[in-house]
Every structure is written in structure tokens, then in C-alpha cells.
Amino acid sequence: MTSRLVEHLGAQNVAGATATALAGHVRALILDGRLTVGERLPSERSLALELRRSRSTITRVYGLLEQDGYVSRLHGGNTRVALPRVSVSPSTPEQESAIDLSIASMDSTPGLYDATVRSLPRLAALRGTSGYSPRGLPELRDAVARRFTQRGVDTSADEIIITSGALNAFNLVLATIGRRGEHALVEQPTFPHALEAMHRHGYRMLPTPVDVDGWDPRHLTEVLLSYRPHLAYLIPDFHNPTGATLPDTDRERIATTARSAGTLLIVDETTAELDIDRGWAPLPMAAYNPHVITVGSMSKIAWGGMRLGWIRAERSLITRLLAARLSFELGTALLEQCIAVELLAEMSALTAHVRERLSAGRAAVSAGLDAIDGIRMPQTAGGLSAWVDLGAPVSTQLSLAARERELILPPGPRFTTGGVLERRLRIPITLPPERTAAAMERLRLAWDDLHGGAVPRPGELPRAAVI
């Protein structure tokens, strides 16, 4: 079986590479967070067999990594991922001046403060209760259910549970229905932390391709019917990171096929309300299959600091989710729930603000990329980001070069299951235009560094989180 290290490296990508170059590839995986600290790497013998290289080459690779502090080795034992012992203060001027494009999220909506003030009487009225809310406030569950109904799928509050964000919701679903060792269908690329959650629950990934032009429904349905995976994780609206939207006809086909295959569809709607100028509104996937599990969040339309999300599912599953939740969490903070009630009552104003901000961010990214010869920005009708084409498999190299220009930029393979998509790069359209312009100028300089051969080894560690 192929090791995780070789999956991420891609045997074809490192064929013929020198020991120094191969060590550089592994170092990049560690810096990017695709290999985690403490993770056990293959033995020298196993890695040599997988890569069809001599054992002396692999010994040299691990030796170089150990010398620089990126692995720890026990003689006669194993090799594990490590980090160099560097003392970098989080408050140094260099870090404060860095621009972080690993987080595709806007600052708070202008209506958040007023909604918070309006929510205080509602919060005050709850002081006579225990303060615990495992299922969620009834009025908030009603508001979320109404939003689903408005979008075309009849929903009642009994089919909703409020969570502490969409990722929390996804982990709760996995903790409840997860089956270690089973297959899970995932889009390639997709949200990295969802992949990590499924890995942690022991799933074996079955990738299906998605690009800016959309999905390959034939491939997706063939995987469903051939493997009958236990679950499938999809982002059908303004897909993260490509920005694509799945058409209604394909939604129906996939939902029907999943039901026939016995596959649970987990649909992530975190980005569903991030429309700029798509021009049409698809039905939620839950409209085509009663067993669809939908997770959503306020973080992208209101503020990332509001850790509030939800799950829509059948009543029987909601009961199971509640039972599982109480073993590790007793509910969602009441203040966030009270604020969310107010915000959901003003969805028209909220989505209008989101549209304006994303439109300005998209224009700023487009203008910045126009000044960089060789990078192509696709049509982006909404969502968090542009999934740009670099024209060559240099995404990780560009990411490393960007760090030297104080630009944190996760490469395309960070969004995949196996080190592919080196031609792609996710650039958020969520920053204010002036901040985006500065980021694009740093990207231009990094691009020039890359093509001029002036890409020094990175001297500091980036964040591994990609949001």
C-alpha cells in the first residue's frame, strides 16, 4: 500500500530527483502542513522500494532532513516529522507585516454590532434558564429552517441542530455515523480540514475531480456505484476552492445515485450564500434526497469570530447527533445564537453587503493578476476565492517563494488527497481591495523570484491552517 508520504510527493513528480531535491520536496510538505508533526514516515527500505530509488539515496534524504531539524530519527527505530527549533516571536515586525492568504474570510458585516445590541434583551431573558442548549434555541432553529424552506426544501425546526460552526458540525456527524476503514468520496480539490477530519476518523478517500468548469458527474456517479462508499462530502455551491456551482440536473442525478448506492451525502453549504453575479439559484441538495445531511455556518456571511453553524438532517439522525454531542459538548454559546437570530432576520441586507465586498475583492485580485504574465484567473461568480491557473506545476515552489516576500499562500496540493494540482493556486477574494493590491504586488515579486531562480530556502514556519 502506498504511504501517505509518497501519496503527497507523487512518485512521478520526484522521479530522478537528487537526494537534495527530494529532501526539499519533503520539507515543503512539512512546511505546508500536509505532513504533520510527529507523523511516522516510511522506513528507508520501504521508501526506497516505493520510489524505486537506492536505499543510500533515501538515507541521504533523511539525513539532510534530520540535519535541518525536519525529522527525528531513532537508530534502529523509526523516523518522524519534526520542526526545527527556532524561536520566532509572534509579535515580530516581520510577522506583523505579513499578509495571510491562507484565510479566505471577510471581516465582520457592518450590521453585526447593531445585531449584537438588539440581541441583548433576548439573552437577558434567558438568564433564568440553565444556559445549556444542546439542540439550539427554538427561535434560531426556526429561523434556519425558514431559510431552507425559502430556498426550496421544506424544513422544520425539529430537523435542525445548532452547532459551534460548520467544521464542528461535520465532526459531530462523523463522530455519530463514522465507520473506520470505510470509503469516503471527496472532491479533488476540497476543504483541507474536512479531509483531515475524515482521515482522523479512519476513512479511505475516493477523489472525484472538480475544476472551475465544474464536476465530472459521470465519474462521480461511477465511483458511487462501483465502490458504494459509506459517505460522500460535497460542496455544491461556490465550491471551495474552485468557485464552481453544481447544476440542478446534476444534483438530482448525484443525490438519486447516492441513495441507490447507500451512500450518505454530507453537503457543506458554508459558501452557499456567497453569490456575486451567478444569475441563478439552485435548489439545495436536500431537495432531491431526504437522507442528505447538510451543514452550514454564519462564519462566511457574518464573521469568522461567530462560531455558529447548524446541521439539517432527518429527525432520527438529529436524535442520534444529540446523544453523541453530549459526550463532548453541551451546546453552542447563547450570545452567538441570539445574535444569529437577529442576523437571519436581515438576510437580504446581509447578502447584499457580502455581494458588494466580494465583487470589490474579485476586481482587486483580477487587477493584480493582470500584472503577472503567465497566471490566469478564471471567471469567478461568487464564493471565497479564485482558483487560478499557473500554467506550470510550480504551486509549492511559488508558495515557498511568497513566504520570502511575507505572503502566506497555501499551494494547490494543500487542497487535495495526494499531492496533485501543482498548477493551481487558491487566492482569496475576501480581503479589502487595498490589502489585496498589496498582496498581489508581493505575489508578483515572488513570481519574478521564482522565474529568476532566486528562491531561497524558507527560514520560518507558516501556519498550517487553511480556512
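Here are some friendly notes on the sheet, one helix and the cavities of this predicted model.

1. **The sheet as a whole.** A good place to begin is the open sheet, which is formed by eight strands in the order 5-12-11-10-9-6-7-8. Its pairing is mixed. Strand 5 and strand 8 (214-215) are the edge strands, and each of them pairs on one side only. As background, strands of a sheet pair through backbone hydrogen bonds, either parallel or antiparallel. Keep the strand order at hand as you read the next points.

2. **Strand 10 and its surroundings.** Is strand 10 (residues 264-268) largely enclosed or not enclosed by the rest of the structure? Four of its five residues are buried, so strand 10 is largely enclosed. A residue counts as buried here when its relative accessible area is under 20%.

3. **The neighbours of strand 10.** On one side, strand 9 (residues 231-234) pairs with strand 10 in the parallel sense over four bridges. Leu231 has Leu264 of strand 10 as its bridge partner. Strand 10 is also joined by three bridges to strand 11 (residues 293-297), and these two run parallel as well. Here you can look for Asp268, whose bridge partner in strand 11 is Val295.

4. **A β-α-β unit.** What links up with strand 9 and strand 10 to make a right-handed β-α-β unit? The third member is helix 11 (residues 248-261). Try following the chain through strand 9, helix 11 and strand 10 in the structure above.

5. **Strand 12, between two partners.** Strand 12 (residues 309-312) pairs with strand 11 in the antiparallel sense over four bridges. Two of the contacts to find are Val295 with its bridge partner Ile311, and Gly296 with its bridge partner Trp310. Four bridges also join strand 12 to strand 5 (residues 160-163), again antiparallel. In that pairing, Thr163 has Gly309 as its bridge partner.

6. **The two faces of strand 12.** In a regular strand the side chains alternate between the two faces of the sheet. In strand 12, Gly309 and Ile311 point one way, while Trp310 and Arg312 point the other way. All four are buried.

7. **Helix 10, seen end on.** Which residues of helix 10 (residues 217-227) are buried? They are Pro217, Leu220, Thr221, Val223 and Leu224. Looking down the axis of helix 10, you would see these buried residues fall within an arc of 155°, so they line one face of the helix. Arg218 and Ser226, on the other side of helix 10, are exposed.

8. **The cavities.** How many cavities of 30 Å³ or more does the structure hold? There are three, and the largest has about 160 Å³ of space. Its lining is made up of 14 residues, and those nearest its centre are Arg147, Arg151, Glu269, Glu273 and Trp310. Helix 7 (138-150) and strand 11 are the elements that give two or more residues to this lining. Helix 7 gives the most, with three residues.

9. **What the lining is made of.** By residue type, the lining of the largest cavity divides into seven nonpolar, three polar and four charged residues. Trp310 ties this back to the sheet: it is one of the residues nearest the centre of the largest cavity, and it is also a buried residue of strand 12.

Terms used:
Residues numbered from 1 in each chain as written. Predicted model: local features only at pLDDT ≥ 70, side-chain atom pairs only at ≥ 80, totals over all residues. Heavy atoms only, no water. Buried < 20%, exposed > 50% of the residue type's maximum accessible area, 1.4 Å probe, protein only. Pairing = 2+ DSSP bridges. Right-handed = clockwise from strand over helix to strand, strands pointing away. 1 Å grid on protein atoms, 1.4 Å probe; cavity = no way out; pocket = protein on both sides within 12 Å on 5 of 7 lines; lining within 4 Å. Points joined across faces, edges and corners; volume = space filled by probe spheres on them. Nonpolar A, V, L, I, M, F, W, Y, C, P; charged D, E, K, R; others polar. Arc of directions from axis to C-beta.
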